[in-house]
Amino acid sequence: MKVPFVDLRAQYERYKDSIDAAMQSVIASSSFIGGEAVRRFEAEFAQAYGVKHCIPCGNGTDAIYIVLRMLGIGPGDEVITTALSWISTSETISQAGATPVFVDIDEYYCIDVEQVAARISPRTRAIIPVHLYGQAARVEVLTELCNSRGLHLIEDCAQAHFSARNSRRVGMYGRAATFSFYPGKNLGAYGDAGAIVTNDDGLAEKCRMYANHGAMVKHQHEMEGINSRLDGLQAAVLSAKLPHVARWTLERQAIADAYNARLADVDGIELPEVRAGSSHVYHLFVIQTDDRDGLRSFLAARGIETGIHYPTALPLLEAYRRLEMSPADIPRAARSTGRILSLPIFPEMTESMIDFVCEAIRDFFAARGS
Ligand SMILES: *Cc1c(COP(=O)(O)O)cnc(C)c1O
C-alpha cells in the first residue's frame, strides 16, 4: 500500500462531473479573467462566510500584501507576527516595506498572545496571527489588544477555512482576513488563487482596485496597483468545491480522531491537542517526536509520505539573518521545528490507510524499544 500526503486526484474523481462541467462553461464563455464565474464565487464565499466583502485575488500571499498596502503599512512600520508559519506571512510584511517582528508560538503552535503586548512599539501598526494547521489562535485576545492600542488585526486564514474560535469563525476577528486556495489547502483551486474578506466597505474597495491595476473601471486608474486577479477557471473550480467543504472538514476531523485513538498509547509521540474554545479543521495533523527524521524515513520506506511544516522557524531562516534572532528568542518554535512531523490527512483517506500509517508508527517505536 502507498499512502500519499494528500491525494488531489481522488478528490477530483469524487466530484469529476461537477468540476468538469464548471470548467467547460468557463471555456465556452471565454471569460478567463474576471467574468461571471468570478463574481459568482466571490458572492458565494462571502455568503458562506457571513461577511460583507470577498475580494478574490491571485493567491494567498498577494491577499496579505494587498491588505497591508491598503491599510497604509509601509517603510518605518512594524508588524507583529508568529515565528512559525509559511514564509508568505512575513515576506509580505517586508514586501510592503515594513519590518516583521516575530513572537514565539504557544503549545498549540499559534502565536503566543501573552507575549504580544511586550513587543508593541511606537512603530507597530498591525498584528498578523496565523491559525496554523487549521486550529484557531486565541484571536479574541488580539482583537482586544488591537482595539485598545489602535492596531490593525489581519488574520491569515490560509490553513483554517471555516475554523472557529469561541463559536465565531476565524477571519471575523479583525479588520480583514486572508485566504489561500492553493490546491492542497482545505478549499483548493487547480492552480493559484486567494481571497481577502472584510466587513469594511472602504478597505474592500481599495483592495479590489489595487488587485486590478488600481482601476475599478477599465482604463480609469485611480492609483498604481498590481495584477492579482482570480481566473475564471479557478473560480469555477472553487464554486464547484465550496458546497463540500463542511463535509470535508468533518471527514478530516474523523481521521484526526482515528489517529488520536489509535496512537494514544504509543510512547514517544505527542499528539496534537485542541485548545478549549478553538475548533481544528486539520489542514495538517502534526505530531512531535524526538526521532522525527528516523520516523520519517521509516514511514517513507513503507510507502507513507509525510511533511514538515516547517523545518525552520521563520526568524531563523537565512532570509531573516538581518534581524539577528536566535533560537533563545523563540524557544518553543525553535524546539518544535526539529520534532514536528505532519502525517497524511485528506478527506478521501481510507480507514485502511489510517490503519497502515498507525501500524507503521507502532512498529517503529516497538523496534526502537522505547
Ligand atoms: C499557503 C499559505 C499562504 C499563502 O498562500 P499562497 O496561495 O500559496 O500564496 C499564506 N499563509 C499561510 C499560513 C499558508 O499556509
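The overall dimensions of a predicted model are described here, followed by one of its helices and a patch on its surface.

The chain comprises 11 helices and 12 strands, and its C-alpha atoms fill a box of roughly 70 × 55 × 35 Å when taken along the principal axes. The radius of gyration of the chain is 21 Å, which agrees with the value near 21 Å that would be expected for a compact globule of 370 residues. Of these 370 residues, 55% are buried, and among the contacts between residues at least 6 apart in sequence, 71% join residues at least 24 apart. The accessible surface of the chain amounts to about 15,500 Å², and carbon and sulfur atoms account for 49% of that area.

Helix α4, which spans residues 88-95, has as its buried residues Ser88, Thr89, Ser90, Thr92 and Ile93. The cover over the buried residues of α4 includes a helix, α3 (60-70), together with the strands β2 (78-82), β3 (99-103), β4 (124-128) and β5 (152-156). After α4 comes Gly97, for which phi is positive, near 105°.

On the surface, a nonpolar patch is formed by Ile27, Phe32 and Ile33, which together contribute about 270 Å² of accessible area. Of the residues in this patch, Ile33 is placed in the loop that lies between α1 (8-29) and α2 (36-49).

Methods. Residues numbered from 1 in each chain as written. Predicted model: local features only at pLDDT ≥ 70, side-chain atom pairs only at ≥ 80, totals over all residues. Heavy atoms only, no water. Patch = residues over 30% accessible without salt bridge, like charges linked within 9 Å, V, L, I, M, F, W, Y side chains within 5 Å. Areas by Shrake-Rupley, 256 points an atom, 1.4 Å probe, with all protein chains shown as cover. Salt bridge = Lys/Arg side-chain N within 4 Å of Asp/Glu carboxyl O. Helix = DSSP H or I, 4+ residues; strand = E, 2+ residues; numbered from the N terminus. Rg over C-alpha atoms; globule rule 2.2 N^0.38 Å. Buried < 20%, exposed > 50% of the residue type's maximum accessible area, 1.4 Å probe, protein only. Contact = heavy atoms within 4.5 Å.
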